[in-house]
Amino acid sequence: MNALRVLMLALASLVAVSAPALAQPYPARPITWVVPFTPGGVTDTTSRAISKKMGEVLGQTFVVENRPGVGGSLATEQVAKAAPDGYTVLYGTSGTMAANLALYKNLKYEPLKDFIPVHGMLMSPTVLVVEASRPYKTMAELIDFARANPGVLNYGSAGPGTGTHLTSEMVQTKTGTKMTHVPYKGSVPALQDLLGGRLDLMYDYTVTLLPHIKSGRLRALAVMGPKRLPALPDVPTIGEAGFPGLESSSWSGIVVPAGTPDAVVKKLSQAMNAALTDPAVVTPFEQIGSQPLVGYDDAKFKAFIADEIRKWAEVVRVSGATLN
C-alpha cells in the first residue's frame with residue numbers, strides 16, 4: 001500500500017509539472033522557417049525580413065533554415081512530414097506549390113493535401129521586355145509580328161520549366177503564336193544575350209530587369225500582373241496591353257503541415273498580415289517590383305493556390321515541359 005501511495009503521489013506530481021507546459025500558449029519556443037532554396041537569394045532575404053517582423057508580433061524567434069534541392073521539392077517533402085504543431089513553417093512558392101506538381105512526375109507530396117496554406121506573402125509579376133533597338137513599341141505589335149512570322153522570334157528563359165519559360169508557353173498558346181525557346185542556366189546569361197542582341201525577347205522579374213529598363217537598354221512592353229508596378233508606373237499591365245487573362249507571377253507564402261491546429265494557423269496568418277502592412281518591411285520589396293499579398297489569409301490563399309495549380313498544369317500539358 002505504501003508503495004502504491006508513493007507511485008500515485010509521483011504520478012500526481014508529474015501531471016502537476018506537465019500541465020503548465022501543455023497549457024503554454026503558442027508559440028512557446030522558436031519556430032523553424034524552412035526556405036527550400038540556397039542562402040543569399042531573394043527567397044532568403046524576404047524570409048529573414050518578414051519572419052523577423054512576425055517574430056516581433058508573436059513574441060517569439062523565427063530561425064530561418066535553407067534546404068535547397070530538386071527545385072525546392074526536397075525541403076517541401078521534408079516539411080510535409082514534420083510535426084503539425086506550428087513550429088515548422090515552409091516558404092512555399094509558385095513552383096513548389098503549383099507548377100512543380102505538373103513538372104515533376106514523382107513528387108512525394110500534394111500541396112493542398114499535405115499542407116495547410118497559412119497566408120500569401122509577395123507576388124512578383126513577370127515583365128515582357130525587348131532590347132531597346134527592336135521595333136516593337138507595344139505587346140500588340142510584337143504579337144502581330146509573331147503571328148505573321150512563326151518561329152522567327154526567339155526568347156530566352158532561365159531554363160526549362162521555370163516561370164520565365166512557362167510564361168512564354170502560356171502566351172504563345174493563348175495568342176496563337178510560335179516562337180523559338182532558347183533555355184539558359186539562369187536568368188543572368190539569358191539577360192546578357194538579350195542585351196547583346198542575340199535574343200528577341202524575354203520574360204523575367206524586375207529584380208533582374210529593372211536596372212536595364214531604367215537605363216533604357218531594355219524596353220518593357222507589359223507587366224504580367226493585375227495592376228501596374230510602382231517601380232514601372234508607365235508600363236501597362238497585360239490586360240491594359242490588350243491581352244487579359246494572361247497574368248503570370250512568381251508568388252510566395254507560408255504553409256504548415258496538414259493537421260496543424262486552426263488556432264495556430266490563425267495566429268501565424270495574423271502575424272504575416274501584420275508584417276505585410278508594415279511599410280518598413282515591405283517598401284524595399286515594392287521598390288524592386290514585388291507586391292504584398294495583404295489579406296491572403298488561409299482560405300483566400302488556399303483558393304489562390306488551387307487556381308494556380310489548374311492554370312500551370314494546363315500550360316505544362318500543352319507545352320510538354322517536364323523536369324523528370
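Modeller: Let's start with a term: a strand here is a DSSP run of E with at least two residues, numbered from the N terminus. Keep in mind that we're looking at a predicted model. Now take Trp33, which is found in strand S1, residues 31-35.

Biologist: OK. Is Trp33 buried or exposed?

Modeller: The cut-off you need is that buried means under 20% relative accessible area. Trp33 has 0% relative accessibility, so it counts as buried. As for distances, 157 residues along the chain separate Trp33 from Ala190, and their C-alpha atoms are 32 Å apart.

Biologist: Let's zoom out. How many helices and strands does the protein have?

Modeller: There are twelve helices and ten strands. The C-alpha atoms fill a box of roughly 95 × 40 × 30 Å along the principal axes. The protein has 324 residues, and 50% of them count as buried.

Biologist: And what about the surface, how much does the protein expose?

Modeller: About 14500 Å², with 58% of that coming from carbon and sulfur atoms. You can also ask how far along the chain the contacts reach. Take contacts between residues at least 6 apart in sequence: 77% of them join residues at least 24 apart.

Biologist: Next, the inside. How do I read a nonpolar core?

Modeller: Think of buried nonpolar residues linked through their side chains. The largest core here has 48 residues, and Met97, Met139, Leu166, Leu201 and Trp251 have the most contacts inside it. Helix H12 gives the most to this core, seven residues. Apart from it lies another core of 27 residues, including Tyr26, Met121, Val265 and Leu276.

Biologist: Pick one of those residues for me. Which residues does Leu201 touch?

Modeller: Leaving out residues up to four places away in sequence, its partners include Leu128, Val129, Val130, Leu142, Met179 and Leu194. Asn154, Tyr155 and Gly156 are also among the residues Leu201 touches.

Biologist: Now pockets. What's the general idea?

Modeller: Rolling a probe the size of a water molecule over the atoms shows where empty space is left. In this model, the largest pocket holds about 1200 Å³ of space. Its lining has 46 residues, and Phe37, Thr43, Thr93, Tyr205 and Ser250 lie nearest its centre. Among the elements giving two or more residues to that lining are helix H2 (42-58), strand S3 (88-93), helix H7 (163-175) and strand S7 (201-205).

Biologist: Which element gives the most to that lining?

Modeller: H4, with five residues. H4 is also mostly covered, as eight of its nine residues are buried. Those buried residues include Gly95, Thr96, Met97 and Asn100.

Biologist: What's the chemistry of the lining of the largest pocket, sorted into nonpolar, polar and charged?

Modeller: It divides into 20 nonpolar residues, 25 polar and one charged.

Biologist: And what is the volume of the second largest pocket?

Modeller: About 150 Å³. The second largest pocket has 13 lining residues, with Met123, Pro226, Glu247, Ser249 and Phe304 nearest its centre. Strand S9 and helix H12 (298-319) each supply at least two residues of that lining, and H12 gives the most, with three. By class, this lining has six nonpolar, three polar and four charged residues.

Biologist: So H12 turns up twice.

Modeller: Yes: H12 gives the most to the largest core, and H12 also gives the most to the lining of the second largest pocket.

Note on methods:
Residues are numbered from 1 along each chain as its sequence is written. This is a predicted model: local features need pLDDT of at least 70, side-chain atom pairs count only at pLDDT 80 or more; totals for chains, interfaces and linings use all residues. Side-chain values use heavy atoms; hydrogens and water are left out. On a 1 Å grid over the protein atoms alone, a cavity is a set of points where a 1.4 Å probe fits but cannot get out, and a pocket is an open set with protein on both sides within 12 Å along at least five of seven lines; lining residues have an atom within 4 Å of a point. Grid points are joined across faces, edges and corners, and a volume is the space filled by probe spheres set on the points. Helices (H or I, at least four residues) and strands (E, at least two) are DSSP runs, numbered from the N terminus. Ala, Val, Leu, Ile, Met, Phe, Trp, Tyr, Cys and Pro count as nonpolar, Asp, Glu, Lys and Arg as charged, and the others, Gly among them, as polar. A nonpolar core is a set of buried Ala, Val, Leu, Ile, Met, Phe, Trp, Tyr and Cys residues joined through side-chain atoms within 4.5 Å. Buried means under 20% relative accessible area, exposed over 50%, partly exposed in between (1.4 Å probe, protein chains only). Contact means heavy atoms within 4.5 Å. Accessible areas come from the Shrake-Rupley method with a 1.4 Å probe; for residues, only the protein chains shown count as cover.
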